[in-house]
Amino acid sequence: MTANPLIFCLLLLTQLSVQNAFGGDSYTPSVIPTFKEITPTSAEAAFLSDEFSDNLYPESQNFSENAYWHKLTFPKATEQESTKTLYLTFSYYIIEQLDFYLFHDGQLVSQWKRGALQDWGKDSRQYDGIWIPITLSNQHSTSLLIRKQGNHPLLTPIKLMDSSTATNQKAQKLIFWTFIISTLCILLIYNVFLFILLKQPGFIYYLALNLIIFISLSTITGFNRWIFSQAISQWITSNLFVVFGLGAWILFRFSIHFLKETQIPAPNTLIKQYGDWLFVAFLLATQLFSVKIFALLFAFIEVFLFFICITWGIKAYYKGFTPVRFYLFSWFFLLTGSILNTLIFWKILPITPATEAIFPIACIVQLLGFAFAFADKAKQMERDRRIQALTDLATHLPNRTYYFDKLPAQLEKQGLTNQKLALVIIDLTNHQTLSQAFGPAKADAAMCEIILKVHQQTMTMDGLLPFSLSKKNAMKIIRMTTKNIVFISTQPEALKTQIQQIQDTLDHPTLVNKIHFRHQYKIGSALYPSQGTDLDKLYQNALIAKDSVTYSSGNWVPFTDNLKNNHAHQLRLITLLTEDIQHDILYFDIQPQVDLSTNEIVGGEVLIRWHNDHIGQVSPGEFIPLAEQTGLIYKLTDKLLESVFLWASQHPKALSTQRLSINISALDLLQENFAQRILEHLSKYQLVANKFTIEITETSVFQNNALVHNNVKQLHQAGFKLAIDDFGVGYSSMQNLVALETDELKIDRFFITNLLDDTQSQILSRNMIDLSKNLDIISVAEGIESDGILQLLKSWHCQVGQGYHLYRPMSPTDYLTLLDKTVPPLSTPTNRA
């Protein structure tokens, strides 16, 4: 909408320029008698000089350090006209010294100063260009002397016309200038608003370019005295090539920013790195050399800019950057107009109203074109943002948003809503391990690498649905999360073969930090529409299938109704567990721990229990993993600690000579304020930390983790003892004995239960007991189920034991009752709880 009036102005401006060029009754001298001033000469002396020659006129149009005089002689007016007035107009406005002298029969009657660096006096108040009235008399001969001197070319484009033609030409020139100013102002205002709305990088250069063109045109076409003070006008004229140089540099920077998204020019190219210095050198040259030299340098810069920016634009267009069409259009007009204007400067083209109009029209056209280019770029950026919202930035594959927002419409458009399909989800399960081993950045890079390998594999496979982000790009996998990708098979009957092909790629080792690493993964699939009538349900069922993968089932599990029932049961457990945690339904038992050398109870392990009104007793082995997966473990641990500390504060006998061991999840230690919360609970109930042991399992997550070390440090400083539970299985390691500053090592029941029958268990258990002795930490054997096992552990000097042969887990009340007994606990085993 904004561009329509601008186009109208441009058409009208062109029409006025043509009228100005070819309309009206006027006369332009082709050669003027010329005199070169060697020494300072007065107007009267110059008038009387006999050295005027037509042969000097061409020389007077060049750069020169000399002043030149021109002499125009007019016949007397006819007898019918007592006087007649002709008008001389001068359409070149950057000669520094320009004087006009009117003589009648050798008598000086009038003079005018019209140089760019001269004070025009009262004539500058109503400026309308350079118009010299030449009054002819029928009594006297009339001559006009013109003296010119300056650093710029001393071009002399004059035109003579009668009064009526002059009036006409003045009006047209006024309209011409008004339209130039108005159009530039409209463009500038339009672009300021566009800049406020778009805030695109590089737009500030475009606004500066508007201003430079406005200043340049005002000086070249002579309307600078309308809008600037005399001092500013004179400074601009004296430093015109500085303004031109700044304009060229701004165009250069503008182009780099406009094409920034296309990486043209490339960051490492010489022109990108050192291009600015070329313009700095030119600006320095304007202060060191003559105008003629740096005018020549500027001509080379113009040609250089023309070719390099056109080349950049063409490269960007071939890279798919469509807004560059208007950019190329604008560059062509601007630099063509600038080069043609330079040809005028060097006298290759004559100065006429038509050639005068070339540069202003070219400038306005290019500004209009650049405005369109920015608007078009804004549209493309919006399109790119929409595509980016549907794209994974690291791999440029479709993402989760694409799957849920765009894929349903694609299936409907392609008529696939009634066709049998299969959704396959691949979960790369070792991202956490890679992060711990090599750091998050390299882990993410390894994920991207294997995902792109799978992408390349799928692009060669038939029977997979392509996903289109744009007209040019189609992929066959979607990256749903950092480690999950999906594809859709249009040939479910060939799904086994398709998955096998992808597994071949996944099973190939990846080089990570110079180490060959084989990815671990799980694959789940679900059929459409029988196992999901929409993409959301289909994805949900594929996830259920993927989560059901075990080491015994292989890497791929298809979805079945049985899996759905198991999943529904887990969801119900999570719901009931959430409610019961909120209502403090969970409770704890205590299993006594015995000093194997004295048979005395030295403490007890707190074991969390859950009995639900609807489903009865639930094993900790079933609900604790669910709590860890869903984040309920944090609330569960807090509730357990609160309950144990409250009970211990109410029954100090339980801690008089014994300790209590409390199990926590490894995930708890990954919370920033976990240790602080425990200390707050402890302070609330006025308990001492050295009466408690914190038992931890699944310690693989501790490697190089600052949060874990900070929590461990605070717990140790407060007086808590720390134990590694289930040592020897799962993710426990020797490193964690040091990392956790372990006070106690609990040998897993897996080894203890098999002690009498399994030689390897005996070797491992005895070594762990010896290791504890050497590290000066307490060894605890859990799962003692027979007297034979007990005696064997005693012979190895294991320090503490627990198990059904000693004491079963019991309620806190029964535990207190047990502590009241004076009979040694092992003398009457049949009476144990």
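How much space lies in the largest cavity? In this predicted model, the largest cavity holds about 540 Å³ of space, and the count of cavities of 30 Å³ or more comes to 3. A short tour of the chain as a whole helps to set the scene before these spaces are taken in turn.

The chain contains 26 helices and 27 strands. Of its 833 residues, 50% are buried. Among contacts with a separation of 6 or more, 71% are between residues 24 or more positions apart.

Back to the empty spaces. The lining of the largest cavity is made by 36 residues, and those nearest its centre are Ile-220, Phe-244, Ser-338, Asn-341 and Phe-359. Five helices each supply at least two residues of this lining: helix 4 (203-220), helix 7 (240-258), helix 9 (291-318), helix 10 (324-345) and helix 11 (353-389). By class, the lining of the largest cavity comprises 26 nonpolar, 8 polar and 2 charged residues.

The second largest cavity has a volume of about 80 Å³. It is lined by 13 residues, with Tyr-93, Ala-116, Trp-120, Asn-224 and Arg-225 the closest to its centre. Two or more residues of the lining come from each of helix 5 (224-227) and helix 6 (230-238). In this second largest cavity, the lining residues are 5 nonpolar, 6 polar and 2 charged.

Attention now turns from cavities to an open space. The second largest pocket contains about 1400 Å³ of space. Its lining has 32 residues, of which Arg-383, Asp-384, Ile-387, Leu-469 and Ser-470 lie closest to the centre. Helix 11 and helix 12 are the elements that give two or more residues to this lining, and helix 11 provides the largest share, with 9 residues. Helix 11 thus appears in two settings, as it also supplies at least two residues of the lining of the largest cavity. The lining of the second largest pocket divides into 9 nonpolar, 12 polar and 11 charged residues.

Which elements do the buried residues of helix 16 pack against? Helix 16 covers residues 535-547, and its 13 residues reach 18 Å from the first C-alpha to the last, close to the 18 Å expected at 1.5 Å a residue. At the N-terminal end, helix 16 is capped by Asp-534, a side-chain oxygen of which lies 3.0 Å from the backbone nitrogen of Asp-536. The buried residues of helix 16 are Leu-535, Leu-538, Tyr-539, Asn-541, Ala-542, Ile-544, Ala-545 and Lys-546. Their packing partners include two helices, helix 12 (400-413) and helix 17 (561-582). The strands they pack against are strand 10 (421-428), strand 14 (484-489), strand 17 (521-528) and strand 18 (556-558). Helix 12 therefore meets the buried residues of helix 16 and is also among the elements lining the second largest pocket.

A single residue rounds off the picture. Thr-286 belongs to helix 8 (residues 270-288). Is Thr-286 buried or exposed? Its relative accessible area is 12%, so Thr-286 is buried, given that buried means under 20%. The side chain of Thr-286 is joined to that of Gln-287 by a polar contact of 3.1 Å. Leaving aside residues up to four places away in sequence, Thr-286 touches Phe-241, Val-242 and Phe-294.

Methods
Residues are numbered from 1 along each chain as its sequence is written. This is a predicted model: local features need pLDDT of at least 70, side-chain atom pairs count only at pLDDT 80 or more; totals for chains, interfaces and linings use all residues. Side-chain values use heavy atoms; hydrogens and water are left out. On a 1 Å grid over the protein atoms alone, a cavity is a set of points where a 1.4 Å probe fits but cannot get out, and a pocket is an open set with protein on both sides within 12 Å along at least five of seven lines; lining residues have an atom within 4 Å of a point. Grid points are joined across faces, edges and corners, and a volume is the space filled by probe spheres set on the points. Helices (H or I, at least four residues) and strands (E, at least two) are DSSP runs, numbered from the N terminus. Ala, Val, Leu, Ile, Met, Phe, Trp, Tyr, Cys and Pro count as nonpolar, Asp, Glu, Lys and Arg as charged, and the others, Gly among them, as polar. The expected span of a helix is 1.5 Å times one less than its number of residues. Buried means under 20% relative accessible area, exposed over 50%, partly exposed in between (1.4 Å probe, protein chains only). Contact means heavy atoms within 4.5 Å. A polar contact is a pair of N or O atoms within 3.5 Å; within protein, one must be able to donate a hydrogen and the other to accept it, and residues adjacent in sequence count only if both atoms are side-chain atoms.
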